[in-house]
Amino acid sequence: MNALGASGVPVSALSFGAAGIGNLYTEVTEEQAYEAVAAAWTSGIRYFDTAPHYGLGLSERRLGAALRGLPRSRYTVSTKVGRLLEPADTGGHDLADGFAVPATHRRVWDFSADGVRRSLDASLERLGLDHVDVVYLHDPDDHGEQALREAFPALADLRSQGVVRAIGVGMNQTRMPARFVRETDVDVVLCAGRYSLLDQEALTELLPAAQARGVSVVIGGAFNSGLLADPVRGATYDYAPAPSALLDRALRLKEIAARHGTTLRAAALAFPAAHPAVASVLAGARTAAEVRDCAEQFAAEIPVAFWAELRTEGLLPATAPLPGAPPLPSTVPLPAPEDG
C-alpha cells in the first residue's frame, strides 16, 4: 500500500474507477456493478474512486452498496465536489454527458464553500458512509479562481476538522493541477489521461512539481478512455473517436508488446506506475471480468527490452521513468509560481 502525500491515507497501487458502474456509455446491471466491486476486492484493490457526476449519483449509490459489509478501516474511498445534482423534470437520458441513465437531475457547477459542503453531504448519503477518505475538486477548468479562493479553503477546513483525511484536485489537464500543487497544500492530484503511453504532458510540469513537494499523483485514464485497451478502428481517445495517427501509434505499441511476449494493456498500466510521484493507477471497469483482467495485467512482468525498444524508437521520451529501470536524476527545474 502507498500513502497519499503527508496525509498517510493508504491506497493500493492499482485502484478501481467507478465511472463504469455509473453506466458510462452503456447500461450496467446492479448485479454486474456489485460483482465488479467484489472482484476488485478479491483482487486486492483497496482504493475506490467515484463522483456525483458519474451517472448522476448512480456510481456513488452502487459503490456504497457493494462496499457495505466490508471492514471500513480496510478500504479507501474518494469522491469529488464541484457539481451539485439538482432535480430536473426534463425526461430523456443523460447520454449527452456520457451516461446511460435517466436525466432525473441536472449538474450545477458550484465551487463555493457552501457548495463543497452540500456536495459532500449528498455524496455521503448516496454512498451510505459516515465519511470518505479523499475529496477532489472535480474539473474546475473554467472555475479556477473560485476553486482556489473558496472551494479549496473549504476542503482544507474539512480536513483540519477530521471530516476528510486527504484533499486534492482531479482534472484532465496538467497546468491547473500544477498550480494547485505550487500554491496550496493539496495531498494528491488525480491526473486523467495526461500520463500514458500516448501522452506524457504531465512530465513537463505537474509530476516534477508534485515530486518536489511530496504531493502524490493518482493516474487515471491509463488506457486513454479505450484506445490503449483495444486499438481498433472506432476506439475512443479522450472520450471521442481516436484520430488515425494515434490509432496507428497504438497499433505500433501493441505490435512491439506482442513481439516481446506481453500485452499493450499490461504496458499501459505499468508505465505510469513507474514514476516515483505516482501512488496509484486508477483503472475504470464495469464488469468483474474487466477488473480481473486489469489486475492480471497490472501484475504481469514486462521485459526490460520492451521498454528499451520504445525509447529507441522514440515512442517514449528519455525523461520518462521506466518500470524496472534505475530512477532518473531530477533534472527538470521546478516551475516558478505564477503572479497573482
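**Exercise 1. The orientation of H2 and H3**

Determine how helix H2 and helix H3 of this predicted model are oriented to each other.

*Solution.* Two packed helices are described by the angle between their axes and the distance between the axes. Step one is to read both values: the axes of H2 (residues 58-67) and H3 (residues 113-127) come within 7 Å and cross at roughly 45°. Step two is to classify the angle. Angles under 35 degrees count as roughly parallel, and 65 to 115 as roughly perpendicular. H2 and H3 are therefore oblique to each other.

Step three is to identify the residues that form the contact. H2 contributes Glu60, Arg61, Leu63 and Gly64, while H3 contributes Ser123, Arg126 and Leu127. By class, the residues of this contact of H2 with H3 comprise three charged, two polar and two nonpolar.

**Exercise 2. The surroundings of Ser112**

State where Ser112 lies, and decide whether Ser112 is buried or exposed.

*Solution.* Begin with the position: Ser112 belongs to the loop between strand S7 (105-109) and H3. Next, consider accessibility. Buried means under 20% relative accessible area. Ser112 has 16% relative accessibility and therefore counts as buried. Finally, examine the partners. The side chains of Ser112 and Asp110 make a polar contact (2.5 Å). When neighbours within four places in sequence are left aside, Ser112 is in contact with Gln146 and Glu150.

**Exercise 3. Two residues with positive phi**

Describe the location and accessibility of Tyr25 and of Asn224.

*Solution.* Take Tyr25 to start. Its phi is near 70°, a positive value in a residue other than glycine. Tyr25 is in the loop between strand S3 (14-17) and helix H1 (30-42). With 39% relative accessibility, Tyr25 counts as partly exposed.

Now take Asn224. Although Asn224 is not a glycine, its phi is positive, at about 50°. The loop between strand S11 (216-220) and strand S12 (236-237) holds Asn224. Because its relative accessibility is 1%, Asn224 counts as buried.

**Exercise 4. The span and packing of H9**

Check the span of helix H9 (residues 288-299) against the expected value, and list what its buried residues pack against.

*Solution.* The expected span is 1.5 Å times one less than the number of residues. For the twelve residues of H9 the span should be 16 Å; the end C-alpha atoms are 17 Å apart, which agrees. The buried residues in H9 are Ala288, Val291, Cys294, Ala295 and Gln297. These buried residues of H9 pack against S3, H1, helix H8 (264-273) and strand S14 (278-284).

Methods:
Residues numbered from 1 in each chain as written. Predicted model: local features only at pLDDT ≥ 70, side-chain atom pairs only at ≥ 80, totals over all residues. Heavy atoms only, no water. Axes fitted to C-alpha atoms, helices over the stretch in contact; angles between N-to-C directions. Helix = DSSP H or I, 4+ residues; strand = E, 2+ residues; numbered from the N terminus. Parallel < 35°, antiparallel > 145°, perpendicular 65-115°, else oblique. Contact = heavy atoms within 4.5 Å. Nonpolar A, V, L, I, M, F, W, Y, C, P; charged D, E, K, R; others polar. Buried < 20%, exposed > 50% of the residue type's maximum accessible area, 1.4 Å probe, protein only. Polar contact = N/O pair within 3.5 Å; in protein donor to acceptor, adjacent residues only side chain to side chain.
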